[in-house]
Amino acid sequence: GCASWVSPVSNKQVGSVVNYLYPNATTAPELQPGITTLRPPVRVGLAFVPGETGVASLSENDKQQLLEKVKAAFSQHAYIGAIEIIPGNYLQAKGGFANLEQVARMFNVEVVALLSYDQVQFNDNNALALLYWTLVGAYVINGDQYDIHTLVDASIFDVRSRKLLFRAPGSSRIKGSASMAGFNEKSRLARSAGFSQAVDQLIPQLQRQLDLFRERLKAEADKPGTPGASGIKVDNKPGYSGSGALDGLELALLGLLAGCGWLARRRG
């Protein structure tokens, strides 16, 4: 009887980017016609997609903390003008691109990174735990076991063209045990830690995909302002000279170092 107190699968949290952007889709989505133009420094929005109805949902506070970690990791890039964290209540379940475009206008962003997630917690009761429950009590022995699998995926979309620019995943697995009395609290903390670890794994993957994306655009571009095979062109905003450019202070320092090196060689 004790073994039936905790179900084999007790918790599931899902937020699908496909269900949010393409609700009830029966055919392949249509992209907006024309070339996708990115104008660095790009204003970026960060948001979790709405959770699925009928399943446990990641709390808004946890979402904000995880988004802050992603923001902190990418705020230093010169080609990113600003990063806005979009609260979950601005995104409607199955809102589609119409909702995403409304949110982008409201927060004045051009590109949005949507974080989807899928977390499943498996519970188990072993025979030794059942013996201890009978003789000692559930408050003493860590008899209930949990195994939590978490996947977080970041999909980066250009809002105007609705084009998926690139994506990156992160995952984690946490196993542990707890007494029956403390099982819910301990497993809840483990679920939160699972999301945090998945995001920690996602950030370097996202950085790598961002670097590959930029290198691909550089390789494809025949000349500035001309789109490559990806159908994307880069048109810098006024005052921005590109991520590879050097400002006046950097040029002056390089000139000074070069002069010192030349003088040292001549004296030698």
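Which residues form one aromatic cluster with Tyr22? I began my notes with this, keeping in mind that the model is predicted, and I found that Tyr22 shares the cluster with Phe97 and Phe157.

**Entry 1: aromatic pairs**

I searched the whole structure for aromatic pairs and recorded 6 of them. One of these is formed by Phe97 and Phe157, whose rings sit edge-to-face, with 5.8 Å from centre to centre and 75° between the planes. I then looked up where the two residues belong: Phe97 is part of helix α3 and Phe157 is part of strand β6 (residues 144–158), so this pair ties together parts of the chain that are 60 residues apart in sequence. I also checked their exposure, and since buried means under 20% relative accessible area, Phe97 counts as buried at 6%, and Phe157 counts as buried at 6% as well.

Next I turned to Tyr117 and Phe195, which form an edge-to-face aromatic pair with 5.7 Å between the centres and 75° between the planes. Tyr117 lies in strand β5 (residues 111–125) and Phe195 in helix α5 (residues 183–220), so here the parts tied together are 78 residues apart in sequence. For Tyr117 I noted a relative accessibility of 3%, which makes this residue buried, and for Phe195 I noted 1%, which again counts as buried.

**Entry 2: strand β3**

Is strand β3 largely enclosed or largely open? I looked at residues 42–48, which make up β3, and found that 6 of the 7 are buried, so the strand is largely enclosed by the rest of the structure. I then asked how β3 is paired, and noted that β3 and strand β4 (residues 80–85) run together in the parallel sense over 5 bridges. Within this pairing I wrote down one position, where Gly45 stands opposite Glu84 in β4.

**Entry 3: the second largest pocket**

For the second largest pocket I recorded a volume of about 230 Å³. The lining consists of 13 residues, and those closest to the centre of the pocket are Val109, Glu110, Asp158, Val159 and Arg160. I looked up which elements give two or more residues to this lining, and these are β2 (36–38) and α3 (96–107). Helix α3 gives the most, with 3 residues, and α3 is also the helix in which I had placed Phe97 of the aromatic pair. Finally I sorted the lining by residue type, and noted 6 charged, 5 nonpolar and 2 polar residues.

Conventions. Residues numbered from 1 in each chain as written. Predicted model: local features only at pLDDT ≥ 70, side-chain atom pairs only at ≥ 80, totals over all residues. Heavy atoms only, no water. 1 Å grid on protein atoms, 1.4 Å probe; cavity = no way out; pocket = protein on both sides within 12 Å on 5 of 7 lines; lining within 4 Å. Points joined across faces, edges and corners; volume = space filled by probe spheres on them. Helix = DSSP H or I, 4+ residues; strand = E, 2+ residues; numbered from the N terminus. Nonpolar A, V, L, I, M, F, W, Y, C, P; charged D, E, K, R; others polar. Buried < 20%, exposed > 50% of the residue type's maximum accessible area, 1.4 Å probe, protein only. Pairing = 2+ DSSP bridges. Phe/Tyr/Trp six-rings, centres within 6.5 Å; stacked < 30°, edge-to-face > 60°.
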